[in-house]
Amino acid sequence: MNIRAEVNVLLVEDSPTDVLLARDVVEKYPEFRMRHVERLADAIKVLVEGGVDVVLLDLGLPDSQGLDTLVKLLIAMPEVPVVIMTARDDEDLALEAVHAGAQDYLVKNRVVNGTLRRTIRYAIERRQVERLRLERAALASLSADIGRALIRGGALREMLQQCTEFLVSNLSGAFARIWTLQEKTNVLKLQASAGMYTALDGRFGSVAVGEYHIGQIAADGRPHFTNDVVHDPRITDPEWARREGLTAFLGFPLTLEDKVVGVLGMFARKPFSDVVFEAMAPLANQIALGIGRKAEEEALKGSEARFRELTAHIGQVLWMLDARENKVLYVSPGYETMWGRSCQTLIDNPQSYMEGIHPLDLEMMLSVNQVMFQTGYIDAECRILRPDGTLRWVWIRGYPVLEGDQVARVVGVIEDITEKRRLASERDALLSRLQLHIARMPLAYVLFDAELRLVDWNSTAERIFGYTKDEMLGAVPPYEKLIPLSFRDEAETIFRRIRSGDMEAHSVNENLTKSGRTIICEWFNTPLMDEAGGFKGTLCLVQDVTERKTLEAQFHQAQKMEAVGQLAGGVAHDFNNLLTIILGYSEILLDMLKLDDPQRGPLLAISDAGERAAALTRQLLAFSRKSVLEPKVLDLNEVVRETEKLLRRLIGEDVLLTAVLDPKLSKVQIDPGQLGQVLMNLAVNARDAMPKGGRLTIETRCVEVDQEYSSVRPEIQPGRYVMLSMTDTGCGMTNEVKAKIFEPFFTTKEIGKGTGLGLSVVIGIIKQSGGHVAVYSESGFGTTFKLYIPAVPETLSVSNSPDLRTGGCGTETVLIVEDDNNVRGLAVTILRSKGYHVLASNGGKETLELVRQHHGEINLLMTDVVMPRMGGPELAEELRPLFPQMKVLFTSGYTDDAVVRHGLLKEQVAFLQKPYSPLSLARKVRQVLDDV
């Protein structure tokens, strides 16, 4: 959250004493600038003038009392955060004030320097977050409103007018306008205007491209954005903008396929955020698409007028028949050329076309004609004899136009296919010669005719799909057998591309086999065209790529998880430094206060929040598999027994916990703290899956993973493992949920009931320890998680943690090198309080100069690992010749990636992970100094 270095504070207070008190506290910090007024009316006037970042408000003023004071102030200027400062220590009043809109509530006699400073900062940050949330909600609403406006019917101006009104209402604009480009004149025509101006004429009613700021946007083809309208050189009338109180402007070219079709512009009296500017680009694209669609509709109307002219000159015959009255409504002039008879004879007698049918085809055509009147469909090829004695082949097609359930009209086309049949015959001869090669191809060969009727199917296709050739011949197209419902719309699109002769209409998609299995196939589709360019069918070569796609999906998922893991680990260093300071000083201050001191409560709350933040950081690092592990050889049974009591309290009395432990279990090497976290995360998931109670069973046993199991699950290597399973009798999971459970931040729980990190942490910890996680679940029948952890050789002994509950003081000399001033100051304070002689430096040359001036030994170098100019390991190497007996303790807030790069992830290297507490630091220093 970005907050300006200078913060302008408005104090609304009529008590001179309290004014002095507040001024004394606020003005101790150079970033604060305070202004004071005594009355609510004066405060509102100052807020309207602008420049105030936060208000400190007393509820008792000469011209207003109580919560009404807050409400009136928020009505006047809701965007500025308000902190209540009052003498009344009333929890109910504080709660009402926060509900009314105050960011915080402070009691005057309890305000200390740090509290007020943090309160002001947090108030500004919270208001910024709220403003961003509201802004995004407004943009989402705007997108939906514009979407609805664009899909409604109506004229272009009506559609665009609704868009401008939505822009003004959702983004609090002063006014918004939309121009469309007239291509012939290269002029932008104002089509819609909403807000303070609604007229469509005037100076900006018609704007040439390149003229004014609107025309310049169209000429450049780039958006223009400013939050300083008065001083923007592209705004032609700054005095008008100042007079109207306009502050911000954004304008976008409306482009369709890289072609400008219009311009959108909007002024506002308040600045636009970067979020608004970024969100406007897709909205501008939406509006441009709407303009393009309207243009297409107008073009379609014009095309209807050209239809008859077009049909008069095409080689095919277009016809339309009234099926109820057996009346020809239209036949194109091509009929006379094709049949050798006039169009009028067909209009006068619709059955007269039968006079031209070849006698050998007459019976067939009479049957087809009868079906046409019943269904509205006709699709037939026949021969015709023209009056001059010539014979031609024609293809007659017709399609029904329904009114209700009745066929009202039939529309169709007749095509002379004499030449096409000759070419088809030649093609068939060629295909017959290729049939032997096709039968032996390693790829599936599938051949469709012009209507996508399956006409050929080789043995490889039988092997891939499971259907014999006889089972597939004649399928038009084979939707039910090969194509799942989810892909049928897209398949139609591909078929249309193929019919058009698109040689690149290939696809990779799911297919169905005869056994019901879903596979993934790659289809290479080649349209078969005749010499005249007519579509005659499709030749498809098909390859089963199911296994390849599965491997690709696993690879992409691994890449995605790695990227999210790097993001999670990237925040650790700075966050751990901050947590070190928070936890450290909290503990120091708590030690300084008596048990009955009223300040202990807030300090304990700060300390608790810091601990929870540290725990969340550890969860993120565990999920990203970037936390620094301290693995130990453990008896997994002992860990389960020690954790069992905690788990019983965690899952509640209505869940029966049973442990079935293998007495001959091998040892494992894993971080014990993280293993406990794994058990608790799984137990919490199990408890949430059994809201009405149930049974939770924990089992341990040794297993051997063989090569066959590993080949199916390449993420686990063959070998000996210790398996820990946790089985619940809860609601179970669907396959869709099970596929996502290990994704970060995925949760099926209600908002606020889960972070979605629990199972991500589990798999992160187990995989970082060289293990594997398997899950078995079925909706309504419970869930089993199986954790496979590599077994360690029996020669390794179980680790015992050293007892560090005592000690921590000393008189040795410790050199602290830390580039963070606050962390360094904390460490110096802690160690000096324990009796050590402490030298401190921020690193690099300063440290070397400090050492040269020091007379005497340095018993311990405590240094950060990663620092500017010279890191901790390099500094230790520089100092070791001067102090051969010097011990070294490395600290870092980075994850293990940074530590590994500096060569520190070794057992013999002393390392302390941030954040650390005063007690853990003192213990670690004592441990390193005492280590022989």
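**Exercise 1. Place Tyr445 in its strand and decide whether Tyr445 is buried or exposed**.

Solution. Tyr445 sits in strand E19, which covers residues 444–449. Helices (H or I, at least four residues) and strands (E, at least two) are DSSP runs, numbered from the N terminus. The model is predicted, so local features need pLDDT of at least 70 and side-chain atom pairs count only at pLDDT 80 or more, while totals for chains, interfaces and linings use all residues. Residues are numbered from 1 along each chain as its sequence is written, and side-chain values use heavy atoms, with hydrogens and water left out.

Next, take the accessibility. Buried means under 20% relative accessible area, exposed over 50%, and partly exposed in between (1.4 Å probe, protein chains only). Tyr445 has 2% relative accessibility and therefore counts as buried.

Last, take a distance. Between the C-alpha atoms of Tyr445 and Asp456 there are 7.6 Å, the two residues being 11 apart along the chain.

**Exercise 2. State how many helices and strands the protein chain has, and what share of its residues is buried**.

Solution. The protein chain contains 30 helices and 35 strands. Its length is 932 residues, of which 45% count as buried.

For contacts, the criterion is heavy atoms within 4.5 Å. Take the contacts in the protein chain between residues at least 6 apart in sequence: 60% of them join residues at least 24 apart.

**Exercise 3. Describe how helix H3 packs against helix H4**.

Solution. Start with the geometry. H3 (residues 67–76) and H4 (residues 91–100) pack at about 15°, and their axes are 10 Å apart. Axes are lines fitted to C-alpha atoms, for helices over the stretch in contact, and angles run from 0 to 180 degrees between N-to-C directions. This angle makes H3 roughly parallel to H4. The classes are: under 35 degrees roughly parallel, over 145 roughly antiparallel, 65 to 115 roughly perpendicular, and the rest oblique.

The crossing of H3 past H4 is right-handed. A crossing is right-handed if the near helix is turned clockwise from the far one by less than a right angle, and left-handed if anticlockwise.

Now list the residues. From H3, Leu67, Leu70 and Leu74 meet Leu93, Glu96, Ala97 and Ala100 of H4. By class, the contact of H3 with H4 holds 6 nonpolar residues, no polar ones and 1 charged. Here Ala, Val, Leu, Ile, Met, Phe, Trp, Tyr, Cys and Pro count as nonpolar, Asp, Glu, Lys and Arg as charged, and the others, Gly among them, as polar.

**Exercise 4. Do the same for helices H26 and H30**.

Solution. H26 (residues 821–833) and H30 (residues 918–930) pack at an angle of about 65°, with axes 10 Å apart. H26 and H30 are therefore roughly perpendicular to each other. H26 passes H30 in a right-handed crossing.

On the H26 side, the contact is made by Ala827, Ile830 and Leu831; on the H30 side, by Pro918, Leu921 and Val925. The class count for H26 with H30 is 6 nonpolar, no polar and no charged residues.

**Exercise 5. Find the salt bridges of Glu381, Arg422 and Arg497, and give the accessibility of each partner**.

Solution. Side chains of opposite charge can pair when their charged atoms come close. The criterion for a salt bridge is a side-chain nitrogen of Lys or Arg within 4 Å of a carboxyl oxygen of Asp or Glu. The whole structure has 28 salt bridges.

- Glu381 pairs with Arg421 at 2.7 Å, N to O. Glu381 lies in strand E16 (residues 378–385) and Arg421 in helix H13 (residues 418–439), so the pair ties together parts 40 residues apart in sequence. Glu381 is partly exposed at 34%, and Arg421 is partly exposed at 33%.
- Arg422 pairs with Glu426, with the closest N and O atoms 2.8 Å apart. Both lie in helix H13, 4 residues apart, about one turn of the helix. Arg422 is partly exposed at 38%, as is Glu426 at 43%. A network of salt bridges links Glu419, Arg422, Glu426 and Glu531.
- Arg497 pairs with Asp502, with the closest N and O atoms 2.8 Å apart. Arg497 is partly exposed at 33%, and Asp502 is partly exposed at 23%.

**Exercise 6. Locate Arg600 and list its contacts beyond four places in sequence**.

Solution. Arg600 belongs to helix H20, residues 600–623. With 15% relative accessibility, Arg600 counts as buried. Leaving aside neighbours within four places in sequence, Arg600 contacts Leu590, Leu593, Lys594 and Leu595.
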